[in-house]
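I opened this entry to record what I looked up on strand pairing and on the contact between chains. The structure comes first, and my notes follow.

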Number of protein chains: 2
Amino acid sequence: MKAEVLATGDEIRSGMLVDSNSAYLARHLQAAGFAVVRHTVVGDDLDALVSIFSEIGLRSDVAVVTGGLGPTPDDRTAQAAARAAGVDLVLDKQSLKSIENFFSARGRPMSPSNKRQALLPQGALGLANPIGTAPGFALRINKCMFFFLPGVPHEMRQMMSASILPHLRRLLGDARIHYQTTTISTFGFPESVAAELLSGFGNRFPDVDLGFRAKFPEIQIKLYGQGSDKDSLQTKLADAARWIRDRMGGNVFSENGTSMENVIGDLLGQKNETLAVAESCTGGLISDLLTNVPGSSEYFLFSGVVYANLAKANVLGVSWTTIDSYGAVHEETAKEMAAGAKRVSGATYGLSTSGIAGPGGGSVDKPVGTLCIGLATPKHTLGKRYQFPDLGRLRNKQLFAMKALDILRCEILGIVTENKIAIVQS
Amino acid sequence: MKAEVLATGDEIRSGMLVDSNSAYLARHLQAAGFAVVRHTVVGDDLDALVSIFSEIGLRSDVAVVTGGLGPTPDDRTAQAAARAAGVDLVLDKQSLKSIENFFSARGRPMSPSNKRQALLPQGALGLANPIGTAPGFALRINKCMFFFLPGVPHEMRQMMSASILPHLRRLLGDARIHYQTTTISTFGFPESVAAELLSGFGNRFPDVDLGFRAKFPEIQIKLYGQGSDKDSLQTKLADAARWIRDRMGGNVFSENGTSMENVIGDLLGQKNETLAVAESCTGGLISDLLTNVPGSSEYFLFSGVVYANLAKANVLGVSWTTIDSYGAVHEETAKEMAAGAKRVSGATYGLSTSGIAGPGGGSVDKPVGTLCIGLATPKHTLGKRYQFPDLGRLRNKQLFAMKALDILRCEILGIVTENKIAIVQS
């Protein structure tokens with residue numbers, strides 16, 4: 001069955017916003033067994049909306065549309081859908097009720113413009129939005145069943161997985177083809193090196209498609225398979241994943257799409273160990289990543305974001321002699337920062353970063369991209385220095401944070417890393 | 001003149017890759033004066049390509065197409081364009097020459113499949129690609145002038161700015177329409193309240209389009225204008241922005257798309273003041289945001305991410321009596337955290353957060369969404385408490401961090417905020 005994805009809104013049409021909803025929807029429609037034939041973007045213009053709804057209604061079986069369901073006058077999706085289907089807008093009591101519930105549950109007054117959101121095309125089926133005010137709806141236009149969802153990504157995703165995908169899977173029944181994907185997350189290689197390490201994959205696994213995705217600073221290796229038998233598909237992908245792991249070694253940090261900070265959390269949790277961090281050049285990013293993991297308060301005790309030398313000395317007990325002789329960016333300083341974070345918090349591990357994130361602050365000896373890492377463990381305290389290319393401040397911070405977490409991961413797992421200039425994707 | 005953007009390739013069609021080329025192209029086409037009416041994505045399928053080329057050929061004046069120009073068999077753009085235009089593929093000598101030059105300049109052998117890339121539709125104009133092997137081409141299909149570019153973003157961008165945009169600007173000449181956008185960033189209102197505050201806008205500024213964008217946790221108000229006279233367009237938008245500012249008051253934190261962390265940085269920089277932070281529930285996010293701003297080391301001295309009470313006491317000097325009597329999440333504890341951050345770093349301001357980001361840790365008295373903020377200034381030390389709805393851990397952290405930074409902004413600017421439950425967009 002043919003499916004299409006449509007994103008609406010002037011912000012996406014004019015390119016001010018990159019549309020990531022459509023990729024998400026395409027992936028899930030395809031995984032559910034649909035042939036996704038086209039994505040389209042149009043603006044908030046009523047005629048443009050009516051005309052694309054009519055076109056899709058003639059050529060596809062299923063369409064998922066995002067955006068234009070909000071309370072403001074530039075939200076015209078329901079009106080356009082009604083016009084394309086040749087029906088009127090009517091007040092949907094169920095949808096009104098759920099909007100009212102949304103506001104009363106939060107003790108907030110409901111404004112008249114929110115009532116407008118319950119006006120749906122006659123014959124439409126309201127789709128509840130448990131986490132936002134904009135209800136969605138389903139409506140047949142010509143031969144195509146349309147699902148209209150809000151453009152806010154987390155609301156769209158929740159509605160898609162909770163109510164629309166189960167419905168679509170039933171619609172397909174036995175005609176279903178299984179699609180499966182395995183994501184292997186690696187760090188430390190550029191894409192081209194990863195591709196060379198895996199040359200010969202195609203001959204060995206002719207039924208599995210191999211893809212690479214740079215999700216900076218990690219490189220994800222994606223395996224795609226399809227077939228009518230789910231079990232043999234799974235075996236095929238598992239064999240391919242094992243083959244890749246053998247070639248990639250310690251650079252693989254997860255095989256199910258799990259983030260580095262989740263991997264660290266699992267490792268610490270399993271061993272009942274704790275972590276403290278001292279961040280200079282990463283400026284709080286390591287802490288932010290670690291504390292994005294629910295339950296991180298069990299193992300993450302403290303981070304000192306010590307931009308100022310006074311804070312390095314006062315809070316972490318880094319000696320002024322060390323700072324004066326080596327400078328703030330140095331592996332000796334990083335070692336004392338890591339030891340200080342461990343000491344003041346009583347954590348099992350102290351991890352620190354000090355480096356030059358740019359754009360200013362670089363020198364000939366320590367250009368932008370210099371990273372020093374300290375790691376204090378119950379056994380020893382290590383200091384390392386790396387020189388990365390300058391990828392711009394935000395990406396430098398991301399790379400530095402990832403490298404520090406990866407050093408900790410390798411230490412916990414006993415993976416040997418060398419103190420060398422790392423190859424990274426630029 | 002009407003323009004369209006088309007991205008091709010199975011990776012984008014199936015959602016494995018998010019298409020960011022189209023947003024880039026739309027922005028530049030619009031800035032050059034075209035009305036971008038639609039974006040489309042199709043896969044590598046020959047029939048799908050022919051059919052979308054024919055459709056666009058009938059309805060638009062200009063189209064920019066990306067992808068499908070590589071050397072592999074799934075690169076079918078030239079073949080499909082030839083078929084849609086009703087012409088044959090012929091060897092373009094100029095393009096062949098530049099592919100050969102590409103390889104010889106790099107001392108790499110040219111493979112026979114690369115020669116295939118010089119086969120262009122008869123009548124097409126080859127477009128040089130100085131940094132890749134895939135040459136582009138321009139071809140008229142029906143009434144529309146198509147520009148075909150490689151899908152590799154940096155090659156596409158280089159060709160777009162070096163050769164296509166200058167050509168397009170000449171094409172428009174006097175017919176050029178200017179587009180202008182103003183972004184007004186607000187915090188503290190939901191979209192529906194913002195829309196009501198601005199009701200009457202359409203009557204007062206009939207030539208300016210008003211849009212809202214929820215960029216959680218802020219709401220951006222967007223003004224779009226177009227016209228043939230650039231100066232009068234600017235005046236119109238400036239008048240509209242002033243009208244909005246008068247209605248939104250202190251909830252507006254920037255009028256040029258600048259982020260809250262940049263606004264804070266500018267305010268501190270102007271006054272030569274400094275900041276230290278103590279973060280519990282925000283877990284390093286405030287520091288990470290602040291240090292994303294280049295030059296933040298001038299005013300951002302320290303953050304203590306103090307998840308553990310031991311760290312609150314040891315690092316910030318929060319008294320155990322306060323923690324024992326009030327608990328870690330309390331405005332009194334937040335006040336001592338803020339004062340401690342200010343003291344250990346010598347900063348002008350100390351800002352702190354302590355709250356429940358969830359999913360665990362909530363209670364009847366202090367459910368998930370509870371936020372306590374402390375602010376120590378040269379004059380006084382304040383403690384505030386807010387109760388937000390639970391929006392999930394990551395969004396709770398984002399909202400808490402934004403609220404804390406906004407409290408600091410209002411303090412510096414002398415904007416009065418009330419100690420009330422804030423209304424936020426969920």
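Before listing any ion pair I fixed the criterion: a salt bridge is a side-chain nitrogen of Lys or Arg within 4 Å of a carboxyl oxygen of Asp or Glu. I also kept in mind that this is a predicted model.

Entry on the interface. With that criterion I found six salt bridges between chain B and chain A, and I noted one of them, in which the side chains of A:Glu11 and B:Lys222 meet at 3.4 Å, N to O. For polar contacts across the interface of chain B and chain A, I counted 42 residue pairs, both residues at pLDDT 80 or more. On the side of chain B that touches chain A, strand β2 (residues 35-42) of chain B gives the most, with seven residues, and I split the residues of that side into 35 nonpolar, 23 polar and 15 charged. The contact draws 73 residues from chain B and 71 residues from chain A, and the two chains bury about 5,600 Å² between them, with 54% of it on carbon and sulfur atoms.

Entry on pairing between chains. I then saw that strand β2 (residues 35-42) of chain A runs antiparallel to β2(B), joined by three bridges, and that A:His39 has B:Val41 as its bridge partner.

Entry on a sheet in chain A. I traced an open sheet of four strands in the order β10-β11-β9-β12, with antiparallel pairing; its edge strands, β10 (209-215) and β12 (252-254), each pair on one side only, and the twist averages 35° from one strand to the next. Within chain A, nine bridges join β9 (residues 178-186) to β11 (residues 218-227), and A:Ser185 stands opposite A:Gln220.

Key
Residues numbered from 1 in each chain as written. Chains lettered and ligands numbered in written order. Predicted model: local features only at pLDDT ≥ 70, side-chain atom pairs only at ≥ 80, totals over all residues. Heavy atoms only, no water. Pairing = 2+ DSSP bridges. Helix = DSSP H or I, 4+ residues; strand = E, 2+ residues; numbered from the N terminus. Axes fitted to C-alpha atoms, helices over the stretch in contact; angles between N-to-C directions. Contact = heavy atoms within 4.5 Å. Buried area = accessible area lost by both parts, 1.4 Å probe. Polar contact = N/O pair within 3.5 Å; in protein donor to acceptor, adjacent residues only side chain to side chain. Nonpolar A, V, L, I, M, F, W, Y, C, P; charged D, E, K, R; others polar.
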